[in-house]
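Biologist: Could you take a close look with me at one part of this model, the place where its last helix packs against its neighbours? I would enjoy a connected walk through it.

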Amino acid sequence: MKTLLLSAVLVLSGCSTISNLLPRNHDPVMFDQVVAIDIALNKTNCSNRDWGNLLERVHHLKVYTELRKDPQATSIAQLEEALLKANNSKNDKFCDSILTINKTRVQVIEDAWRGR
C-alpha cells in the first residue's frame, strides 16, 4: 500500500519532484567563467582601476547563474556588488581588503562547483 501511494505521488507530481532531489549537473560554462574570473581577479590590483574585463565576466556569470537558478547566484551577485564598490573606492586599503575577501569567495564558489 505504501509503495502504491508513493508511486501515485511521484506520478502526479511529475519529474520536477525527482529532479529537485538530485544534485545539479555540472555546467562547464559556469565553471569556465569562474576560472576566468579567478585568473582576472589575481591580475587585478587597486593601483590600476582598469577592471573592465573582470567586471564584465562577473556580470556575465551573475546573469547566467540567475537564469539557471543556481544556488551560487546570490554569492555571484554579492561578488559583483563588492567589486564595483572596490573599483569605485578612492581608498586603496579598502579596495585591497575587498579584493582579498573576494578572492576567497571565488575559491569557495569554485569548490562548490568542482564536485558537480
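**Around helix 6**

Modeller: Happy to! Helix 5 passes helix 6 in a left-handed crossing. Please keep in mind that this is a predicted model.

Let me set the scene before going into detail. The chain has 6 helices and 0 strands, so from the N terminus on its elements read α-α-α-α-α-α. Of the 116 residues in the chain, 33% are buried. Among contacts between residues at least 6 apart in sequence, 71% join residues at least 24 apart. The accessible surface is about 7,700 Å², and carbon and sulfur atoms account for 59% of that surface.

Now back to the pair we began with. Two packed helices are described by the angle between their axes and the distance between the axes. Helix 5 covers residues 73-88 and helix 6 covers residues 92-114; their axes lie 10 Å apart, at an angle of about 160°. Because angles over 145 degrees count as roughly antiparallel, helix 5 is roughly antiparallel to helix 6.

Which residues meet there? From helix 5 come Ser75, Ile76, Gln78, Leu79, Ala82, Leu83, Lys85 and Ala86. They meet Phe94, Cys95, Ile98, Leu99, Asn102, Arg105, Val106, Ile109 and Trp113 of helix 6. Sorted by class, the contact of helix 5 with helix 6 holds 12 nonpolar, 3 polar and 2 charged residues.

Helix 6 has another partner to look at, helix 3, which spans residues 28-43. The axes of helix 3 and helix 6 come within 10 Å and cross at roughly 155°. That angle makes helix 3 roughly antiparallel to helix 6, and the crossing of these two is left-handed. On the helix 3 side, the contact is made by Met30, Phe31, Val34, Val35, Ile37, Asp38, Leu41 and Asn42. On the helix 6 side, the residues are Leu99, Asn102, Lys103, Val106, Gln107, Ile109, Glu110, Trp113 and Arg114. By class, the contact of helix 3 with helix 6 has 10 nonpolar, 3 polar and 4 charged residues.

If you put the two lists side by side, some helix 6 residues turn up in both, among them Leu99, Asn102, Val106, Ile109 and Trp113.

A few individual residues on these partner helices help to round out the picture. In helix 3 you will find Asp32, which is partly exposed, with a relative accessible area of 49%. Asp32 and Leu61 are 29 residues apart in sequence, and their C-alpha atoms are 9.8 Å apart in space. In helix 5 sits Ala77, also partly exposed, with a relative accessible area of 24%. Ala77 and Lys62 are 15 residues apart in sequence, with 5.7 Å from C-alpha to C-alpha.

One last stop comes ahead of helix 5, in the loop between helix 4 (52-68) and helix 5, where Lys69 is found. Most residues other than glycine have a negative phi. Lys69 has a positive phi of about 55° although it is not a glycine. Is Lys69 buried or exposed? Its relative accessible area is 66%, and because over 50% counts as exposed, Lys69 is exposed.

Note on methods
Residues numbered from 1 in each chain as written. Predicted model: local features only at pLDDT ≥ 70, side-chain atom pairs only at ≥ 80, totals over all residues. Heavy atoms only, no water. Helix = DSSP H or I, 4+ residues; strand = E, 2+ residues; numbered from the N terminus. Buried < 20%, exposed > 50% of the residue type's maximum accessible area, 1.4 Å probe, protein only. Contact = heavy atoms within 4.5 Å. Areas by Shrake-Rupley, 256 points an atom, 1.4 Å probe, with all protein chains shown as cover. Axes fitted to C-alpha atoms, helices over the stretch in contact; angles between N-to-C directions. Parallel < 35°, antiparallel > 145°, perpendicular 65-115°, else oblique. Left-handed = near helix turned anticlockwise from the far one by under 90°. Nonpolar A, V, L, I, M, F, W, Y, C, P; charged D, E, K, R; others polar.
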